[in-house]
Amino acid sequence: MAWELTSAPRPDARSLTAHLSWSESAPELFEVFPFRHDLRYEARLADGHLTIELTVHACGEDVGPAAFGFHPYLSLPGVSREHWLVELPEMAPPRRL
């Protein structure tokens, strides 16, 4: 997918931000998911914690479903999955803008 870095990473960078526009400029994306939206992905590493924020902005006229996950083969070296701690923020019900 055509993610674009929105800030140039430095050699000592501990974060990155990227943007993906699911729009008519990439019509092949609509074969996978038929709703227009913009994604903003931010990953930060600090104090031994990886924080990932993913923001979805619906751009089309239709309300579309959304769900995200990360590939199960991603892992932390030397740490078994049962020792992971995942914290999720409170979620708000979907709203139409």
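In which strand is His-37 found? I shall begin with that residue this morning, and then move outward to the rest of the chain. Please keep in mind that the model before you is predicted.

His-37 is found in strand E3, which covers residues 37-46. Is this residue buried or exposed? His-37 counts as buried, because its relative accessibility is 7% and the term applies under 20%. Its side chain also takes part in a polar contact: a polar atom there lies 2.9 Å from the backbone oxygen of Phe-35. If we leave aside residues up to four places away in sequence, His-37 touches Leu-20, Ser-21 and Trp-22, and also Val-56, His-57, Ala-58 and Cys-59.

One of those partners, Val-56, deserves a closer look. Val-56 has its place in strand E4. With a relative accessibility of 38%, Val-56 counts as partly exposed. Which residues does Val-56 touch, not counting those up to four places away in sequence? They are His-37, Asp-38, Leu-39 and Phe-68. For a sense of distance, consider Val-56 and Tyr-41: in sequence they are 15 residues apart, while their C-alpha atoms are 9.1 Å apart in space.

Let us now turn to the chain as a whole. Its secondary structure consists of four strands and zero helices, so that, read from the N terminus, the order is β-β-β-β. Of the 97 residues in the chain, 11% are buried. The accessible surface comes to about 8,600 Å², and carbon and sulfur atoms account for 57% of that area. As for contacts between residues at least 6 apart in sequence, 25% of them join residues at least 24 apart.

How do the strands pair? Strand E1, residues 4-5, and strand E2, residues 15-22, run antiparallel and are joined by two bridges. In this pairing, Leu-5 stands opposite Ala-18 of E2. Strands E2 and E3 also run antiparallel, and eight bridges join them. Here Ala-18 appears again, standing opposite Tyr-41 in E3.

Beside Ala-18 in the sequence we meet Thr-17, which lies in strand E2. Thr-17 is buried, since its relative accessible area is 11%. Not counting residues up to four places away in sequence, Thr-17 touches Glu-4, Leu-5, Thr-6 and Ser-7, together with Arg-40, Tyr-41 and Glu-42.

I should next like to draw your attention to a loop. Asp-47 is found between E3 and E4. What is the phi of Asp-47? The angle is positive, about 50°, although Asp-47 is not a glycine. Asp-47 is also exposed, because its relative accessible area is 76%.

Finally, we come to the surface. Which residues make the nonpolar surface patch of about 490 Å²? The patch is made by Leu-76, Val-79, Trp-84, Val-86 and Leu-88. Among them, Trp-84 lies in the segment after strand E4, which spans residues 49-58. Trp-84 counts as partly exposed because its relative accessibility is 30%.

To close, let me return to the contrast with which we started. His-37 in E3 is buried, whereas Val-56, a residue that His-37 touches, is partly exposed. I invite you to find both in the structure above, and then to follow the strands from E1 to E2 and from E2 to E3. Thank you for your attention.

Notes: Residues are numbered from 1 along each chain as its sequence is written. This is a predicted model: local features need pLDDT of at least 70, side-chain atom pairs count only at pLDDT 80 or more; totals for chains, interfaces and linings use all residues. Side-chain values use heavy atoms; hydrogens and water are left out. Patches are made of residues with over 30% relative accessible area and no salt bridge: like charges are joined within 9 Å, nonpolar side chains (Val, Leu, Ile, Met, Phe, Trp, Tyr) within 5 Å. Accessible areas come from the Shrake-Rupley method with a 1.4 Å probe; for residues, only the protein chains shown count as cover. A salt bridge is a side-chain nitrogen of Lys or Arg within 4 Å of a carboxyl oxygen of Asp or Glu. Buried means under 20% relative accessible area, exposed over 50%, partly exposed in between (1.4 Å probe, protein chains only). Contact means heavy atoms within 4.5 Å. A polar contact is a pair of N or O atoms within 3.5 Å; within protein, one must be able to donate a hydrogen and the other to accept it, and residues adjacent in sequence count only if both atoms are side-chain atoms. Two strands pair if DSSP finds at least two bridges between them.
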